[in-house]
Each structure stands twice: as C-alpha cells, then as structure tokens.
Amino acid sequence: MLELLGYADRFSVAPGEVIEFKVSAFEGQRFRAEIVRLIHGDANPDGPGYKHVVVPSAIEGEYQGRNQPIEAGSSGVVPHHPAFAALESFTLLAMVWPTTPAKGRQAILALGEDLVLAIGEKCGLTGRVGSTTLESDAPLLKRHWYLAALTFDAASGRATLIQRPLHGYPGAPDAAMVSATAKGPGLADAELLIAAEGNPRRNHLNGKIDSPRLLACALSPERLEALLVRPLAADLLPDLVAAFDFAEGTRTTRIHDVGPHKLEGRLEQMPARAMKGWCWSGEEMCWWRKPEHYGAIHFHADDLHDAGWSTDFAFTVPDDLRSGVYAAHVWCGDAEDGTQEDLIPFFVRPRRGDRNRPKLAFLAPTAAYMAYANDQNHIRGEAAEMVIGRLVTYQPADIFLHDHPELGLSLYDRHADGSGVCYSSRHRPILNMRPKYSSWLGATGSGLWQFNADLHITDWLESYMEVEFDVITDEDLHAEGLALLEPYQVVITGTHPEYHSTRMWDAMRAWIDRGGRLMYVAANGWYWRIAFHDELDGVIEVRRAEDGIRTWEADPGEYHHSFTGEYGGLWRRQGRPPQALLGIGFMAQGFDICSYYRRQPDSHDPRAAFVFDGVDGEIIGDFGLIGGGAAGLELDAVRHDLGTPPHTLVLASSEAHSDIIMLVNEEFGVVPPNLKGSEHPNVRADMTFYDTAAGGAVFATGSIAWCGSLSWNGYDNNVSKITGNVLRRFLDPAPFR
Amino acid sequence: MRYQIQPEDRMLVDEFRQNPYGRHSPGLLRILNRMRCVPLDGKYVLVCTKPFREWKLAIHGDRQRPIEILHDHVFTSREEAEWAVFKLRWKALTGEELN
C-alpha cells in the first residue's frame, strides 16, 4: 500500500516562479524531498531503465509528514443571512432528480442542522424540522423529477413533507405527503447547504437539483407549483426569501438568487452545470439559447475538484534552470515496489515572453494527462481484459486507487450514479501520471501510457539526439496561443495528444500555416474538443457527444460545454477532423501487442528522401518496449475525404495487427463484420508527411507505440533513425521546395 | 446464448500456450472472449509485486471487497500467469483439467 502521495499547485512553472507541493504521509511519517529532472521513466529492464538527475535546491531535506485526507462530494453553500434566522413559518422547496435514491441519506437542502430536506433511508423523502423527523415511505424512482418540499406553520406547529412526482406511473406509488407536529428549528447562524448537510459536509446527494426556493410562510400543498413560475405570483412576493436560478452563472462556480436579497452562493468540488432541468422539453439542445430549460445542477458524492491539501514545501525555480520535465521526489523508505516514494511531476517552461529560445519544443499534452487522471476503467470496467487481450495488471498505485475512490475520477469514468465525468482537475494526486508507472492499458512489455510513455521522447531527445529543447504544455498553449509557439521552428508532440481547446487548435493551425513544423509522433491526437474554465486553473471539461470512442455518453441536450457554451464532442464533428491538421486521424485501437510498418511507394518520392536516409529494408519498427512493435495501441490513417491534404505522402503503413485491434466506431455506420485487424484494410497506421506554402510541415507516425521503439538496441534502429532524420531536417531552416 | 467451449476446441489450447498474446485464430479468440467477459466480482487479475519481475494472482471483488491477493500463486513472467488463469477458466467452463 502506498505510504505517501502528493501533488503540486501547477503543472507548468517558469524560471523565477514558485511551485508548491502538497504531500500526505498517511501515517504521519517523516519524509525526505528533493527536486529531480526526469530523463527516462520506463523501468523495463529491456530498455535504458529509469533515469533522473537530482537538481540541488533549497527544498532538499527532511519533513514531518501528516495525513491529509480528501473530502470528495460537491455541494452548494449560501452563507448565513439574517432572513434565515428570522424565519418562523417557512416553505423549503426544490425540484430534484435523484440518481441513487437507494443509497441512503442524501441531503437536498439544509438550513443548518435543524431544517433539512433530504432523501431518507427508505428511498423516499425525509424532512427534519427542529427535533421532528418526517419520512415518506414511497420510494423515489431514480432519474425522475420530483417536487420536494417541506413546510412549517409556526402558528399551528404543523410540519408537512411533500413528495410529488412530475410524471406518475400506475402501480408506482411514489407520491407522498406526511405531516407532524414540530417545534420551529433554530436557524441562528445557519448557512444554506445544497446537496449536502453539516460541517464538515456529509450526506452528499447524487442527482440533480433545480429551482430551490425558500418562502417565509407555509404554503399550502396545492400551491407549491406556483413557486416554480416566473414571475412569481404577486401574493407570494412579500414572503419570498430566496429563489435560486442555477441557469445564471453557468460558466462560474457561483449560484444566484433572483429573490429580494440577491443571495450569492458558491459551489464546492464542481458539480456539473449546464444540465437539463425539470422543464426541459427537447425543443432546445443548447443551454445558453434557452437557459430556463437548464436550471439544474448535477451533484455527485464523488465529485472532486480540489483535494485542498496544505503545502509542505515550495520550490522557487532558479533563473538558470533548463526547461524540462521535473519531479519533486518524496520518500519515506526504499521499498522495491515503490510504495514508499512519490515523484510528483511538473514542467519547467521557458521564461514568459522570452522569444530567444532553442528551435525545438516538446509540447507536453497536459490536457490529456488531466483527462486520464486516475482513470478507473481497469478497476470498474468489465471489458478491460478483452480490450487489452490479456490479464489486467494492477500496480500498487492501482490497488490504492481501488481502495480510495475519494482520489477522484477521470474523463473516462462514470460517477457512482452512472453519469459521465465531464470535469477533471489536476488539484489532486494523479497516480497514473508518474514515472516508473506501468499502465494496464499500455500494451505488453513496458505498458506505458501518456506521461510515462512521453518520457521516451524527451529521453531520446536528450540522451541520444543531444538536442536542446524547451518543454511547453497544453495549458500554456491554451493561455498564450500562437505567441507560445512562435519562437520555435519545430514542435514535437507527446504520444497521445488527444484533447484540445479551440484556442489550442487555432494556435497550432496558425503556427503550421506560418511555417511551423510539427512532429506528431503519436496517434489519436486532436480528437476531443475540451474547454478550460474561465476562472479556475487546472480543470478541463469534455462532453462525450454524438460518437467517438466513448466510455460514457453525454445525455441528449447536454452536449454543450458549461465552461464556454461551445458544442462539445469530437473535433471531427466540429468540421475539423484531425486529418485536416495532421494528415491522419484516428482509425483503430486495441491494446495487446504492437506491429510494424512497411514502406509505401511514396517513401521513394524525392520529397521524402530525407526521411529514409540511411534506412535499409522495407520493414520499420518490428521491435520496441511497447507491445514489441512501433505500430499499435491506437492508430491513425489518412482519409482524403476528411481533409488529408492532397499532396500528403504516405511513407509507410502498418500491417499484421492482431484481431484485438479494431476499427473505431466513428468510422462506420452500419456495423460491418470485418472490424478486426486481420480483416479491415483501414486498421493501420499511416506514416505521412506534408509541407505548407510557408515552409511549414507535418510529419506524422500514426501510432501511440512509435516512441516505445526509439531506444531499442541502444537507440540504433530504424525508428530512431527515421525520427532523427525528420528532426534534423525540420530543424534545418531550408524550405522543402 | 453465448458460445460454449466444445470438445474440438481442445486443439486451440496449444495455440494459446505457445502464444498467449496477440495474433490468435478466430476460434481461440472466441474462447478467450468467452473467458474474459465475466463479471468483475470474482474475476482474476494480476498484481505486480516486483516491477517487471514478479506478479501474483488476485481476485477482484467488484469494489465490494478488497482485491484478494493469492500469495501462493506467484509468477515470474506474465505469460506464465496467463497460462495458469487459462487453465483455471477452462476447468471452470468445461470441468476438464489441462496440463
């Protein structure tokens, strides 16, 4: 079991800036810390092995550890207002769409500890007024809307709980009204909590809440629906305390009250916004075109935006520290299985505004790292073993993740209530973004995926090519756009740069069109559109709309990002297929073994002569640390009808894939019976090259596994040779024609 | 109804033993998919106990229980583990012991 874990307050930091590290040592152990520059993260004995160098720094030393827990679960909080304390009679109401009504107690609205409207242990609503509890015996149906209300008449002492389904079914007795005598609750200093109760928060709700209302009178049950009508009936206005409109401020983490006090609340741990509300009819599919249909927030007991740990040490990046991939190394022992250490990665980018840079940059796909953060498909998914064609292997980190769901989910997971995870944040330990980590997904051999696989590239650049390069990240690209790329002549990607915001996409297109040269040593890149939050750093959103390889599907009407209002989904569905940018686009996937490429006729075109300089034979990459070959995991291929530039050269194509690798679903409409690697002609990686009018170019390998072959045979192999040929030519400013 | 292993599938066992990963005949892949498509509760997984050197068999509890590591099922290669699980599953599906 892991003994300590950490995370940093940022991924990317520039010289002169400070990065803070937060560590939890679960038994309060003392631990040591140092800064290291990561060179090679793959511990496979068949390759160069794990390598880092220590960077002397002031943070080096011993620290007293402490256990820092994580409290997952989202909620809304409205600070105390005198109008709460003044309440005598009241009506507390919300529309609610429970997703796990059988889970046990889940709060809907709580005003202090004494006034709570919740789902109870009997799967129906429950209410507490002072010391009196009211409980419905009628079980709520999951994923159905209910009017939920609790009223109290101070004069008569009568409290009433109302549970009223929006749609009733014969034989489904899910309506209830329960009354009892109660004494008024104590509301001095009470804050209003939404989807949780108490401090610290407990009894989080799984489900949607729409239109919470608070009225300073006991409204008769027959009139409750009147509270959902805007404008509110004139006779109700004098008693109105609060009426929340969750459709307002959708792009923020604030909630707004349209009542007389204009109460301002905040959301904690990022519940999902831009969600269909109780009155959504399907006539409008976009939240900002008809906000009144999108008044719901979907809360989850396993939402996590920020672990909120305290800082243990802060590292000021020296002015002369080279740009690169680094980690804070913390350890409390030297167990061989790595359970007594953590390596918390970060990226030292160039100084902001410095345009006198090396010609080459490695663009770390940090958006993809965030998307995959703590992916649990091997922990929760029954299909994992079939998809990888072998037993699922757990590392100690995977067992820890299995045992600690509070570490939060990836964009590949579903919440416990079955709804898709549309937000992911880096403000928490990310167990699968670590050097030395082997992923369940990353093919036989080293089994690397994303971050650790990408160190194959930076290792090759440093250890073999001995070329000077900067490291920049997706978040930098989103923030700074084209200006970030302009100093560079060549950008090399990670192995799987799958997630891009509109600003990132636009910046890369503009840079290539202006003469930039992109080495896409990857596959399944520029696939999903994502959004970054306007106000919060380090959090991204995806909506798995329409089609694509989806581990969950966004509900109809919820395809637009809450962060931006943009239509989400595949870039291909935005009229920007990856082929138009890269020459190739996602075509097939399967995670067992990898294969090789065979040279194609275009490789003998004089325009491609530089690529194959010194390369003998027709077969490329029939070796490697990832799956034993350079072509595998995910594969991209040309499609001229999707935008592959007409002058693109197809230099080589992979073949002989296993039948675990199959065509991706956006590539077919009617399901054909020949989807497998040995049967479908499009299950292949195409290695391509095209140049642009301004002297730019794109070289693409179309395989996630490509870089796992770079170090084979002491870096002396045809994958390394080809990649090196392209890099040298791309760094040569001479035009291509 | 899903495919059930037939007596003539016995001839596919050697194919798996010689090459547990990768390019398999359609008949063998059908058997493997049958074996692998089972509920998480009780499913076999591997736990890496020494990086790239040692693995132990374990049983998934669909998150209702901790992952149960079978400390007496230790392997020094993943291929060895695949064969051990193949035999266990073959026995469970057919009643027949493989050697």
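**Entry 1: Glu113 and Arg128.** I looked up the side chains of A:Glu113 and A:Arg128 in this predicted model and found that they meet in a salt bridge, with 4.0 Å from N to O. I then located both partners along the chain. A:Glu113 lies in the loop between strand 9 (106–111) and strand 10 (115–119) of chain A, whereas A:Arg128 belongs to strand 11 (residues 125–129) of chain A. The pair thus links distant parts of the chain, 15 residues apart. I also noted the accessibility of the acidic partner: A:Glu113 counts as partly exposed because its relative accessibility is 38%, between the limits of 20% and 50%.

**Entry 2: Glu62 and Arg30.** I turned to a salt bridge between the side chains of A:Glu62 and A:Arg30, for which I recorded 2.5 Å from N to O. Here I found both partners in strands: A:Glu62 in strand 6 (residues 61–64) and A:Arg30 in strand 4 (residues 30–40), both of chain A and 32 residues apart. I checked whether each was buried or exposed. A:Glu62 has 43% relative accessibility and so counts as partly exposed. A:Arg30, with a relative accessible area of 44%, is likewise partly exposed.

**Entry 3: Glu486 and Arg355.** I examined A:Glu486, which forms a salt bridge with A:Arg355, and noted 2.9 Å between the closest N and O atoms. I placed A:Glu486 in the loop between helix 8 (482–485) and strand 30 (490–493) of chain A. A:Arg355 sits in the loop between strand 25 (341–348) and strand 26 (360–364) of chain A, and 131 residues separate the two partners. I entered A:Glu486 as partly exposed, because its relative accessibility is 38%. For A:Arg355 the value is 48%, so this residue also counts as partly exposed.

**Entry 4: network and total.** I next followed salt bridges that share partners, and these join A:Glu17, A:Arg349, A:Arg352, A:Asp476 and A:Glu480 into one network. Over all chains I recorded 57 salt bridges in the structure. As background, I noted that side chains of opposite charge can pair when their charged atoms come close.

**Entry 5: a sheet of 3 strands.** I looked up an open sheet of chain A and read its strand order as 28-35-34, with antiparallel pairing. Which are the edge strands? I identified them as strand 28 (423–425) and strand 34 (531–532), each of which pairs on one side only. Strand 34 pairs with strand 35 (residues 539–541) in the antiparallel sense, over 2 bridges. Finally, I noted that A:Ala531 stands opposite A:Glu541 in strand 35 of chain A.

Technical notes. Residues are numbered from 1 along each chain as its sequence is written. Chains are lettered from A and ligands numbered from 1 in the order in which they are written. This is a predicted model: local features need pLDDT of at least 70, side-chain atom pairs count only at pLDDT 80 or more; totals for chains, interfaces and linings use all residues. Side-chain values use heavy atoms; hydrogens and water are left out. Two strands pair if DSSP finds at least two bridges between them. Helices (H or I, at least four residues) and strands (E, at least two) are DSSP runs, numbered from the N terminus. Buried means under 20% relative accessible area, exposed over 50%, partly exposed in between (1.4 Å probe, protein chains only).
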